[in-house]
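Biologist: Hi! Could you put the model up so we can go through it together?

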Amino acid sequence: MSTSTRAAVLVESGRPAPYASSRPLEIMPLTLEAPGPGELLVRVRAAGLCHSDLSVIDGSRLRPLPMALGHEAAGEVVEAGQGAEFAPGDHVVLSFVPACGHCPRCVAGRPALCEPGAAANGSGTLLGGGLRFAAADGARPRHHLGVSAFSEYTVVSARSAVKIDPELPFEIAALFGCAVLTGAGAAFYSAGVSPGDGVAVFGLGGVGLAALLAAKAAGAATLVAVDVVGAKLELARRLGATHTVAGGPDAVEAIREITGGGAEKVVDTTGVVPVLEQAYRATARGGTTVTVGLPDPSRELTLPALSLVAEERTLRGSYLGSCVPRRDVPRFVGMYRAGVLPVDALLSHRLTLDEVNEGFDRLHTGEAVRQVIVM
Ligand SMILES: NC(=O)c1ccc[n+]([C@@H]2O[C@H](COP(=O)([O-])OP(=O)(O)OC[C@H]3O[C@@H](n4cnc5c(N)ncnc54)[C@H](O)[C@@H]3O)[C@@H](O)[C@H]2O)c1
Ligand SMILES: [Zn+2]
Ligand SMILES: [Zn+2]
């Protein structure tokens, strides 16, 4: 049986801000086909606005359109297709990489790099290859990263879902799907922050602040927060940054001075290539620079190559925080509950589905950290 839903569909990329007037996301009624084998019909209860959605809206990441956007969500299973190991009523967090479980990357324990998952996400289909949304005029909106969170209901591969404790409020649970997995995973796993480390985080949005909280939990002794927005520096200070530095070319020297020659672990979440170059230069000898931000695909990076060898540096990309969602969502939720990863601090605004374009204006101007649509 099909389900009726309302979803925020990106009809055209590259429309100029302010989005409150250009309205790139159209709220439209859609029908959803029933979940196929291994799929779930989920009632979305909360969905976060991430910069990766904004990059699709502004055209710096091209995706097939029209597309029902959103990829950070929590909700409730309504119907489980054949063989999907979930039951109606289960509370789930959705992860933006459906991991097949069988490809060489999945078998190696790196589900964030799942090959069929990446192919499905690139073409805007579910993991099984299908499309489940249909518009009244016959258009078939694509799925964003297998999730399409900005919809009252969605159909996902069960491989996109992680069961969570029903006590966790949906608006907090949603944050774990992208910001927390990505940011905390980048600090714990990709950077491997160790007790006593000097750490710098560039970019203090949902992802960067999650990285900052995780670096603190992992025992960073010096924790430098960098952003171009003053209010974000203040928030970082309240969340445990020992130092704040205004973003810009002088940030490198400031970090090198604070940390006595560079931070052991530096995480860049800006998606701005010159900032990644700054992050590399702010890293200590023997240190690790991790990049999480997703720059425009046309951009290239220039680095002093000798330093990589003679200073034994590591430059590492981090996708989905190098996490294993089924292991790490419950792990990070446990840390939140224990008070060591207070990620509720990321939630800056609650909005309705109809206010989604206004929400992207706030993300674009840097006024918001994590905004969550509560359905
Ligand atoms: N690798 C992954 O798996 C993954 C997952 C989610 C998001 N992302 C990417 O991570 C990035 C961050 O996402 P977000 O939702 O937290 O974005 P955001 O817009 O909320 O945060 C980015 C922050 O960077 C700051 N910034 C911009 N220019 C700067 C500069 N020159 N110096 C210092 N700070 C600067 C902004 O003020 C903002 O606070 C985006 O590029 C997003 O696409 C990657
Ligand atoms: Zn995201
Ligand atoms: Zn796989």
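Modeller: Let's begin with Pro-66, which sits in the loop between α2 and β4. Helices here are DSSP runs of H or I with at least four residues, strands are runs of E with at least two, and both are numbered from the N terminus. Before we go on: this is a predicted model, in which local features need pLDDT of at least 70, side-chain atom pairs count only at pLDDT 80 or more, and totals for chains, interfaces and linings use all residues, while side-chain values use heavy atoms and leave out hydrogens and water. Residues are numbered from 1 along each chain as its sequence is written, with chains lettered from A and ligands numbered from 1 in the order in which they are written.

Biologist: Got it. Is the peptide bond from Leu-65 to Pro-66 cis or trans?

Modeller: That bond is cis, with omega near -5°. The peptide bond from Ala-17 to Pro-18 is cis as well, with omega near 0°.

Biologist: And where does Pro-18 lie?

Modeller: In the loop between β1 (3–10) and α1 (19–22).

Biologist: Switching to metal: which residues coordinate the zinc ion?

Modeller: Cys-50 through SG, His-71 through NE2 and Cys-178 through SG, at 2.0 to 2.3 Å from the zinc ion (ligand 2). A donor is an N, O or S atom within 2.8 Å of the metal (3.2 Å for Na, K and Ca), and since water is not among the atoms, sites may look incomplete.

Biologist: How are those donor residues spaced in sequence?

Modeller: The pattern is C-x20-H-x106-C. His-71 and Cys-178 link distant parts of the chain, 107 residues apart: His-71 is in the loop between β4 (67–68) and β5 (72–80), and Cys-178 is in helix α5.

Biologist: His-71 and Cys-178, buried or exposed?

Modeller: Both are buried. Buried means under 20% relative accessible area, exposed means over 50%, and partly exposed is in between, with a 1.4 Å probe and protein chains only.

Biologist: Now the other ligand. Which residues come nearest to ligand 1?

Modeller: His-51, Ser-52, Asp-227, Leu-320 and Arg-370, out of 29 residues around ligand 1. A residue counts as near if one of its heavy atoms lies within 4 Å.

Biologist: What are the residues of that shell like, nonpolar, polar or charged?

Modeller: They divide into 14 nonpolar, 12 polar and three charged. Ala, Val, Leu, Ile, Met, Phe, Trp, Tyr, Cys and Pro count as nonpolar, Asp, Glu, Lys and Arg as charged, and the others, Gly among them, as polar.

Biologist: Which helices and strands supply at least two residues of the shell?

Modeller: α2 (51–57), α5 (170–190), α6 (206–217) and β12 (222–227) each do. The shell also draws at least three residues from each of domain 1 (3–177 + 342–374) and domain 2 (182–320), with bounds from an automatic or database domain assignment.

Biologist: How far is the backbone of Leu-320 from an oxygen atom of ligand 1?

Modeller: A backbone N or O atom of Leu-320 lies 2.8 Å from a ligand 1 oxygen. For Val-207 the distance from backbone N or O to a ligand oxygen is 3.0 Å, and for a polar backbone atom of Gly-206 it is 3.3 Å. The protein covers 91% of the 870 Å² of accessible area that ligand 1 has on its own, using the Shrake-Rupley method with a 1.4 Å probe.

Biologist: Away from the ligands, which side chain makes a polar contact with Tyr-280?

Modeller: The side chain of Ser-307, at 2.8 Å. A polar contact is a pair of N or O atoms within 3.5 Å; within protein, one must be able to donate a hydrogen and the other to accept it, and residues adjacent in sequence count only if both atoms are side-chain atoms. Ser-307 is in helix α10 (residues 305–310), and it is buried, with a relative accessible area of 10%.

Biologist: Last one, odd backbone angles. What is phi of Arg-23?

Modeller: Near 45°, a positive value in a residue other than glycine. Arg-23 is in the loop between α1 and β2 (25–32) and is partly exposed at 33% relative accessibility. Glu-312 also has phi near 45°; it is in the loop between α10 and β16 (314–317) and is exposed at 63%.
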